[in-house]
Every structure is written in C-alpha cells, then in structure tokens.
Amino acid sequence: MARGRFITLEGPEGAGKSTHLALLAERLRAAGLRVRTTREPGGTRLGEAVRAILQHDAAGEPPLPRAELLLFLACRAQLMDEVIRPALRQGEWVLSDRFCDSTFAYQGYGRGMGLGALRALNAFATEDSEPDLTLLLDIPEAESRARVSGRGAADRFERERADFHRRVAEGFRNLARDTPRIRRIDSSGTPEATAEAVWAAVQPLLQEGERP
Ligand code: Z5A
C-alpha cells in the first residue's frame, strides 16, 4: 500500500488554517483519497487535555516558557505515534492544523529560544518525521487582529503583546524562505482565492501519487 502524505497548515492566528484545512480535506476526499484531519496542540486525549493548559491556564498557573515548549512537544510525540504515523502507513492523507513550524515561530522567534535546540528537540519528539508539504497562510498583522477580535475571551497567546505577534509572523516568513517544503500563500483575499492557491500548492503531491 502506498504511504499517505502529510500536509500541515501554519500561520498567525486568524490566518484561515481551520477553514482551509476543512476545505482541502473535502476536496481531497472528492478526489478519492482517504483523509485524516487533526490539530496541534490536540488530536489525542492527552493532547486535548494539554491544550486546555497551554491556551487557557487550566492548571491554575501559566507554564514557564521551557515548560510550555515541552508540553507542545509532548503533545506532538503522542500525536505522531498515536495518529499520524499509523494513518500514513494505512495510506491516508493527514492534514494537521499547526505542527513543528509553530514551535519554531512561537517558541523560537516569539519567545526567543534557539532554533538549533528547538529543531533537535522536535526531531526527538517526532523521531525525525517531517511534513511532506507545509502551507503557510500569511496575512498582515492588522488583518489577523481584526479576524480574531470580537470572538469571545482571548486565549493566552491572543493576549500576547503586538511585538510578540510581529516576531512570530516574521519568523514564519523566514522559515518559509529557508525551508523548501514550506509554501507561502497569501490568505488576505477572499476564502475562495485562498482555497484555489491551496489547491494549486498540493498538485505536485497529487501528481507524485499518480506516478507508478
Ligand atoms: N502554538 C505554539 O505556540 N507552539 C506550537 O508548537 C503549537 C502551537 C503547535 C494554538 O492556537 C496556539 O498554540 C497558537 C500558537 C500556539 N496560538 N496562537 N495564536 P490555534 O491554532 O488553535 O489558534 P489560532 O491560530 O488562534 O486559530 P484561529 O484563530 O482559529 O485561526 P485559523 O484557524 O487560522 O483561522 P480560521 O478559524 O479558519 O478563520 C478565522 C476567521 O477569518 C474566520 O472567521 C473566517 O471566516 C475569516 N476569514 C476571512 N477571510 C478569510 C480567508 N480568506 N480565508 C479564511 N478565513 C477567512
């Protein structure tokens, strides 16, 4: 059985990751593929429990930056072994709302942790697995703020200062520039325009699958 493909969607808050993950999953299913969707942090019982700690201080105190990093990586290790690797082995396509590049952007560029150490720790958590393709949905900071404002209580990341979000957004762009598997997609237009750009970006993977 052919191995499935692993695609991640990344970007600042409100960039449209959840929206486009759902649209892409629908389109791939219509093309006859079996598709599994997941998210980080989350996607497993452990991951969803830790998500509440990471985003909403469910433990009763905010995690320190190193603890925060290790919690994200613990979620990733669990998700990798429990969901992603088995699905790929079964020939499914896996779409994840955030993955390792969020660690590099938020904990690396945002919190100022060294990228070398983050890459090594991420490799340990994933046992050296990487996405086949990463779609970076990019929007200007003002647009990101506008999309997330007015949708209820802000989570721990949404409450971060503007300069944190600026470093994260810049970090994502640097990662896209330096990493061949990352495709940057302008997500500031209509959802339809972004969906078409996403679909165009996955074509090489689909065509690979058609080769004998
Ligand atoms: N984090 C981390 O620090 N380190 C890590 O390693 C990982 C994560 C894995 C998880 O939040 C937090 O964890 C995240 C980083 C950190 N915090 N932040 N910030 P999340 O991923 O669950 O939350 P989010 O990024 O804030 O998700 P979101 O706000 O739901 O954004 P989204 O999924 O990208 O957007 P959306 O829900 O699809 O769309 C947002 C709205 O925009 C929606 O109302 C749409 O109708 C609207 N909109 C307008 N135009 C468009 C277009 N063109 N396309 C799509 N949507 C559009």
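A residue counts as exposed when its relative accessible area is over 50%, and that cut-off comes up a few times below. Bear in mind that this is a predicted model. With that said, here's a quick tour: an open pocket of about 710 Å³, one cavity of about 30 Å³, two helix packings, and a handful of backbone oddities in the loops.

**Backbone oddities**

- Start with the cis peptide bond: it runs from Glu40 to Pro41, and its omega is near -10°.
- Pro41 sits in the loop that links strand S2 (35-39) to helix H2 (45-56).
- Next up is Glu127, which isn't a glycine but still has a positive phi, near 50°.
- You'll find Glu127 in the loop between helix H5 (115-126) and strand S4 (133-138).
- Glu127 has 55% relative accessibility, so it lands on the exposed side of the cut-off.
- Asp128 isn't a glycine either, and its phi is positive too, at about 70°.
- Asp128 belongs to the loop between H5 and S4.
- Asp128 is exposed because its relative accessible area is 63%, and exposed means over 50%.

**The largest pocket**

- The largest pocket holds about 710 Å³ of space.
- Its lining takes in 33 residues, and those nearest the centre of the pocket are Glu13, Arg51, Gln55, Arg98 and Asp155.
- Five helices each give two or more residues to that lining: helix H1 (17-30), H2, helix H3 (65-89), helix H4 (100-110) and helix H6 (141-148).
- H4 makes the largest contribution to the pocket lining, with 4 residues.
- If you're thinking about chemistry, the lining of the largest pocket splits into 12 charged, 12 polar and 9 nonpolar residues.

**The cavity**

- How many cavities of 30 Å³ or more does the structure hold? The count is 1.
- The largest cavity has about 30 Å³ of space in it.
- Lining the largest cavity are Glu10, Asp101, Thr134, Leu136, Phe172, Leu175 and Ile182.
- S4 and helix H7 (162-178) each put at least two residues into the lining of this cavity.
- By type, the residues lining the largest cavity are 4 nonpolar, 2 charged and 1 polar.

**Helix packing**

- When two helices pack, the description comes down to the angle between their axes and the distance between those axes.
- For H2 and H3, the angle is about 160° and the axes are 9 Å apart.
- H2 and H3 are therefore roughly antiparallel, since angles over 145 degrees fall in that class.
- The H2 and H3 crossing is left-handed.
- The other pair is H4 and H7, with axes that come within 8 Å and cross at roughly 130°.
- That angle makes H4 oblique to H7, because it falls outside the ranges for roughly parallel, roughly perpendicular and roughly antiparallel.
- The crossing of H4 and H7 is right-handed.

**A few residues and their distances**

- Gly60 is in the loop between H2 and H3.
- With 67% relative accessibility, Gly60 counts as exposed.
- From Gly60 to Ala146 you go 86 residues along the sequence and 29 Å through space, C-alpha to C-alpha.
- Ala74 is part of helix H3.
- Is Ala74 buried, partly exposed or exposed? Its relative accessible area is 36%, so Ala74 is partly exposed, the class between under 20% and over 50%.
- Ala74 and Gly47 are 27 residues apart along the chain, and their C-alpha atoms are separated by 8.0 Å.
- Pro65 is also a helix H3 residue.
- Pro65 is partly exposed too, at a relative accessible area of 39%.
- Between the C-alpha atoms of Pro65 and Pro41 there are 16 Å, for a chain separation of 24 residues; Pro41 is the proline at the cis bond from Glu40.

Note on methods. Residues numbered from 1 in each chain as written. Predicted model: local features only at pLDDT ≥ 70, side-chain atom pairs only at ≥ 80, totals over all residues. Heavy atoms only, no water. Buried < 20%, exposed > 50% of the residue type's maximum accessible area, 1.4 Å probe, protein only. 1 Å grid on protein atoms, 1.4 Å probe; cavity = no way out; pocket = protein on both sides within 12 Å on 5 of 7 lines; lining within 4 Å. Points joined across faces, edges and corners; volume = space filled by probe spheres on them. Nonpolar A, V, L, I, M, F, W, Y, C, P; charged D, E, K, R; others polar. Axes fitted to C-alpha atoms, helices over the stretch in contact; angles between N-to-C directions. Parallel < 35°, antiparallel > 145°, perpendicular 65-115°, else oblique. Left-handed = near helix turned anticlockwise from the far one by under 90°.
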